[in-house]
Amino acid sequence: MFIFILSLILFWIIISPSSVKFHVTGASLTQFNLITSNNTLYYNFKVNVTVRNPNNNIVVYYRKITAIAWYKDNAFGWVSLTPFDQGHKNTTFLQAVFVGQSVLKLRPQQLGEYKEETNAGIHKDLAVDFDLNIRAKYARFKSSRFNPPIVQCRRLKVPFISNGKSSEPPFTVTRCSSAYFFSDRDADA
């Protein structure tokens, strides 16, 4: 029995998958206007993301990808991205484009920060989350669909682009975070 348990532990250590890595490689705002009389935000926010599967033997099937845009902890836009399959040792490029209007209620301090950021031409508290539904495949074994932890890309400092020119400094690549990618966030629910 001990040898069997030790074999299972060693097998898991050998195939233990590394978490998939998400990085925001570019972001831009061409519209980000808050009308304070009715708390309406008009926005055009574009985010470029790389998704890296570092595993040698695991294929990831992304079946549902929802990108959620945030400003100062207020969600303002949602977009569904096209499902895709990602082979092992592969990097995939995604683009989420948020265009529209949304009600956005900022506290007085946040409103002051918004005005400062607008004057400076760079918004410092944008974020994008990725809500996923995936399957994973190792050799011939394919998991059932599950929801990994939300991938959070926080504290994005995004320059405003006006008349084709952006303010300084340019966007800096930002690593996103999540708990262990191959765990199901709904398992304990």
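**Exercises on a buried asparagine and a two-faced helix**

Asn53 is buried, with a relative accessible area of 0%, in what is a predicted model.

**Exercise 1.** Work out where Asn53 is found, and which backbone oxygen the side chain of Asn53 reaches.

*Solution.* Begin with the secondary structure, in which Asn53 belongs to strand β2, residues 40–53. Next, apply the cut-off, by which buried means under 20% relative accessible area; at 0%, Asn53 is therefore buried. Then follow the side chain of Asn53, which comes to 2.8 Å from the backbone oxygen of Ile58. Finally, setting aside neighbours within four places in sequence, list the contacts of Asn53, among them Val20, Val59, Val60 and the residues Gln86, Gly87, His88, Lys89 and Asn90.

**Exercise 2.** Determine what span helix α2 should have at 1.5 Å a residue, and compare it with the distance between its end C-alpha atoms.

*Solution.* Helix α2 runs over residues 108–120, which is 13 residues, so the expected span is 18 Å. The end C-alpha atoms of α2 lie 19 Å apart, in agreement with that expectation. After the helix comes Gly121, which has a positive phi, near 80 degrees.

**Exercise 3.** Establish which residues of α2 are buried, which are exposed, and what covers the buried ones.

*Solution.* The buried residues of α2 are Gln110, Tyr114 and Glu117. Viewed down the axis of α2, these residues fall within an arc of 70 degrees, so they line one face of the helix. In general, an α-helix has 3.6 residues a turn, so residues three or four places apart point the same way. On the other side of α2, the exposed residues are Pro108, Gln109, Glu116 and Asn119. The cover over the buried residues of α2 includes strands β1 (21–35), β3 (58–71), β4 (74–81) and β7 (122–138).

Technical notes:
Residues numbered from 1 in each chain as written. Heavy atoms only, no water. Helix = DSSP H or I, 4+ residues; strand = E, 2+ residues; numbered from the N terminus. Expected span 1.5 Å × (residues − 1). Buried < 20%, exposed > 50% of the residue type's maximum accessible area, 1.4 Å probe, protein only. Arc of directions from axis to C-beta. Contact = heavy atoms within 4.5 Å. Polar contact = N/O pair within 3.5 Å; in protein donor to acceptor, adjacent residues only side chain to side chain.
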